[in-house]
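Here's a quick tour of a protein chain, meant for reading with the picture open beside you. Take a moment to turn the structure around before you go on.

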Amino acid sequence: MPSPIVVLLDSWPIPSSSSEVTLLATETKLCLRYFTPKDEIALIQFPLVNSFRFGSPNDEALGGHPLAQFGLKRYSVHRIENSSWLAELDRRNAVHPNHDSSRFMADLVHYVFTFQDSTLECAVREGEFGAPTIKIFLSGEEAKSDWAALVKTTFQ
């Protein structure tokens, strides 16, 4: 497999160096909320999540992440091309009797968010019905209201 390519997504809201991250997840949806360096609040929604992992490493241990040698940066959002994690998910699913690797991998994208105390990796489906929604709020009240509506619709 070719080496992974870490693409910095500098057009996405950059996490603050003291960001508190909140996740909301179901089997198919992943939403996250975090602060930016300008004290804005970013709200990201992935409507078609395949898999995610959240936790270590933190910013001080990011050098131990397997993608660090390929350019993973602190307090950033990245898209990973040639992802070995997506290939692993494909191999795991290959035991399914109707598995089709090209169909499984179609529109599957690997994102990595690096925060102060944690790292979020998610494998999401994009395309016609799977585009992520990115919102930035200047006020905590606006973000709180939007988040509350998201929680309510997700868990009804």
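Let's start in the loop between β5 and β6, which is where you'll find P66. This proline counts as exposed, because its relative accessibility is 59% and anything over 50% earns that label. P66 and P4 sit 62 residues apart along the chain, yet their C-alpha atoms are separated by 9.9 Å. Keep in mind that what you're looking at is a predicted model.

**The whole chain**

- The secondary structure adds up to 3 helices and 9 strands.
- Reading from the N terminus, the order of elements is β-β-β-β-β-β-α-α-β-β-β-α.
- Picture a box of roughly 50 × 40 × 25 Å along the principal axes: that's what the C-alpha atoms fill.
- How does the radius of gyration fit with a compact globule of 156 residues? Such a globule would come out near 15 Å, and this chain has 16 Å, so the two agree.
- Out of the 156 residues, 38% count as buried.
- The accessible surface is about 8,700 Å², and carbon and sulfur atoms make up 49% of it.
- Take the contacts between residues at least 6 apart in sequence: 63% of them join residues at least 24 apart.

**Helix α3**

- Helix α3 covers residues 140-154, which makes 15 residues. From first C-alpha to last it reaches 21 Å, close to the 21 Å you'd expect at 1.5 Å a residue.
- Which residues of α3 are buried? They're A143, W147, L150 and T154. These residues cover an arc of only 60 degrees around the axis, so they end up on the same side of α3.
- The cover over those buried residues includes the strands β2 (22-25), β3 (30-35), β4 (41-46) and β9 (133-137).
- Spin the helix to the face turned away from the buried side, and you'll meet the exposed residues E141, K144, K152 and T153.
- E141 is part of α3, and its relative accessible area of 60% is why it's called exposed.
- The N-terminal end of α3 has a cap, S139: one of its side-chain oxygens lies 3.2 Å from the backbone nitrogen of E141.
- For a long reach across the model, try E141 and H65: they're 76 residues apart along the chain, and 35 Å separates their C-alpha atoms.

**Helix α1**

- In α1, the buried residues are W85, L86, A87, L89 and D90.
- Those buried residues pack against β5, α2 (101-105), β7 and β8.
- S83 caps the N-terminal end of α1, with a side-chain oxygen 3.2 Å from the backbone nitrogen of W85.

**Unusual backbone spots**

- First, a bit of background: most residues other than glycine have a negative phi, and most peptide bonds are trans.
- Where does a cis peptide bond turn up? Look between S56 and P57, where omega is about 5 degrees. P57 belongs to the loop between β5 (49-55) and β6 (76-81).
- D39 isn't a glycine, but its phi is positive, near 60 degrees. You'll spot D39 in the loop between β3 and β4. Its relative accessible area is 62%, so D39 is exposed.
- N82 also has a positive phi without being a glycine, this time near 55 degrees. N82 sits in the loop between β6 and α1 (84-93). With a relative accessible area of 32%, N82 is partly exposed.

**A loop residue to look up: S118**

- S118 is located in the loop between β7 (108-114) and β8 (119-125).
- Is S118 buried or exposed? It's buried, because its relative accessible area is 8% and the label applies under 20%.
- What does S118 touch, leaving aside neighbours within four places in sequence? Its contacts are F54, G55, P57, N58 and F113. One of them, P57, is the proline joined to S56 by the cis peptide bond.

Key: Residues are numbered from 1 along each chain as its sequence is written. This is a predicted model: local features need pLDDT of at least 70, side-chain atom pairs count only at pLDDT 80 or more; totals for chains, interfaces and linings use all residues. Side-chain values use heavy atoms; hydrogens and water are left out. Helices (H or I, at least four residues) and strands (E, at least two) are DSSP runs, numbered from the N terminus. The expected span of a helix is 1.5 Å times one less than its number of residues. Buried means under 20% relative accessible area, exposed over 50%, partly exposed in between (1.4 Å probe, protein chains only). The arc is that of the directions from the helix axis to the C-beta atoms. Contact means heavy atoms within 4.5 Å. A polar contact is a pair of N or O atoms within 3.5 Å; within protein, one must be able to donate a hydrogen and the other to accept it, and residues adjacent in sequence count only if both atoms are side-chain atoms. The radius of gyration is taken over C-alpha atoms; the globule rule is 2.2 Å times the number of residues to the power 0.38. Accessible areas come from the Shrake-Rupley method with a 1.4 Å probe; for residues, only the protein chains shown count as cover.
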